[in-house]
Amino acid sequence: MVLVFAESPRGHFKKSAFEAVTYGKKVAELLGTDCVALTLGPVDDASVLGTYGAKRVLNLPDASLTHFDSQLYTQAIADACKQLGAQVVILGHTTTGKSVAGRLAVRLQGGLISGATGLPVLAGKNLLVEKTVFSGKAVAQYELSGAVNVISLMGNAVKPEQTGSAVASETLTLALNSSKIRVKEVKTQEGTVPLPEAEIVVSAGRGMKDPGNWGIVEDLATTLGATTACSRPVADSHWRPHHEHVGQTGIAIRPNLYIAIGISGAIQHLAGVNNSKVIVVINKDPEAPFFKAADYGVVGDLFEIVPRLNEAFKQFKAAN
Ligand SMILES: Cc1cc2nc3c(=O)[nH]c(=O)nc-3n(C[C@H](O)[C@H](O)[C@H](O)COP(=O)(O)OP(=O)(O)OC[C@H]3O[C@@H](n4cnc5c(N)ncnc54)[C@H](O)[C@@H]3O)c2cc1C
C-alpha cells in the first residue's frame, strides 16, 4: 500500500497535497496496490483527496496536530504507516515535508528520496526514482530497495489530476506522545501563492537599482497572476523580504514560467531556478550568464522593457 501524507495547514490542502496524491496513485498502480491518503489535525473536506486517486482517506483529528510539530507529525505518519503496512510513504517536498521526510525514513528504517522530480519506474521489485543533482545540472536515478521507502516530491513535478471520485474520510486512532512545542502565535503571509507552489514567478535582481523601482515588477506579476521573487543581494539589502530570495541558499522553485529581470544568473541563483519549465531573461548585458540558461531572452533596459511587456500582456488578456 502507498501512504500519502496530504498537508493541510489551517485545515486547507496545499496544491502539493493534490500533487502528492496524484503521484501516490500512479506509484500504487505501478506496484499493483492502493493509494491511501492521510491527513493530520482538523481538515475542512478530506474527501476531495479521493478525486485525486486516493482509495481511502484517513484523518487523525487530534487537536495537538493542528499546528505543525515535526516530531509529532513524524510519529503520527510513522505509526500510521506501520499500522497500515505501507510500502511507500509520499509527501510534498515542502518546508513541512522536508522537515519530516528524513526523520520518517530513520524511524521506519527505510530508504529516502528527498525531492523526487519524476514518476518512478520498476526495477524488479524496487522503485527507480529520479531527482536532480549538482544544483540542477544533472539528473540521477536512485534505486529504493528498503522494505519501506519515503519519497518527498518536488513542487510542480506532476500536475494534479482529478481522475477519481470523493471518498468519505475515516477517522484513524493512534496514541500520540504529548507535544514538546507550544504554539503561541501563527503569522501567515496572505494574498499571493507561496513561491514553491507558484506556476508563474516574476523575479528581479540588483539591476532594479533601488527598492522604490519595484512597482513595475509588481505590476507585471499582478497582470500575470504571478508570485514575486528576488536574488539574494536584493534580500540581503532589505530591498525585498527574505522569503522572496530564491537560489542555492534561498528557496528552490520549479514554476512553469520564471521571468528574471536584471539578474545576472550567477550559479548560486541558477541552482534554485533552473528547473523552471520556461525561463525568460531580461538583461541589458548580452554577456549576462543567465542567457545561457534562458529559453527566451530580451537584451535591453528593463525600465523600458518591463512596462512594455506588461502592456502587451494586458492587451493580450483583454483580447482573449
Ligand atoms: C555561498 C553563496 C551562496 C549564494 N546564494 C545565492 C542565492 O541563493 N541566490 C542568489 O540570487 N544569489 C546567491 N548568491 C550570490 C550570487 O553569487 C550573486 O552575487 C547574485 O545572485 C547576484 O545578484 P544579481 O544578479 O541580482 O546582481 P548582479 O550580479 O549585480 O546583477 C545585476 C544584473 O542586472 C543587469 N542590469 C543592470 N541594470 C539593468 C537594466 N537597466 N536593465 C536590464 N538589466 C540590468 C546587469 O547587467 C546584471 O547582469 C550566493 C553567493 C554565495 C557566495
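**Two domains, a parallel sheet and a ligand shell**

In this predicted model, helix α1, made of residues 15-31, lies across four strands: β1 (2-5), β2 (35-40), β4 (88-92) and β9. The helix runs at about 155° to β4. Helix α2 (residues 70-84) also lies across a set of strands, namely β1, β2, β3 (56-60) and β4, and its direction is at about 150° to β2.

The strands themselves belong to an open sheet of 7, ordered β5-β9-β4-β1-β2-β3-β10 and paired in parallel. At the edges stand β5 (111-116) and β10 (169-171); each has just a single partner strand, so one side of each goes without a neighbour in the sheet. Ignoring direction, neighbouring strands here are turned by 25° against each other on average. For β5, pairing with β9 (residues 149-153) is parallel and spans 5 bridges. Gly111 sits opposite Asn149 in β9.

Zooming out, the domain assignment splits the protein into domain 1 (2-171) and domain 2 (195-319). Their centres, taken over C-alpha atoms, are 31 Å apart. Contact between the two involves 11 residues of domain 1 and 10 residues of domain 2. On the domain 1 side, the touching residues break down into 2 nonpolar, 7 polar and 2 charged.

Then there is the ligand, which is surrounded by 25 residues, with Gly205, Gly207, Ser231, Gly247 and Gln268 the closest. Sorted by class, this shell holds 13 polar, 7 nonpolar and 5 charged residues. Helices α5 (232-236), α6 (267-273) and α8 (302-319) each put at least two residues into the shell.

Key. Residues numbered from 1 in each chain as written. Predicted model: local features only at pLDDT ≥ 70, side-chain atom pairs only at ≥ 80, totals over all residues. Near = placed C-beta within 6 Å. Nonpolar A, V, L, I, M, F, W, Y, C, P; charged D, E, K, R; others polar. Domains from an automatic or database assignment. Contact = placed C-beta atoms within 7 Å. Pairing = 2+ DSSP bridges. Axes fitted to C-alpha atoms, helices over the stretch in contact; angles between N-to-C directions.
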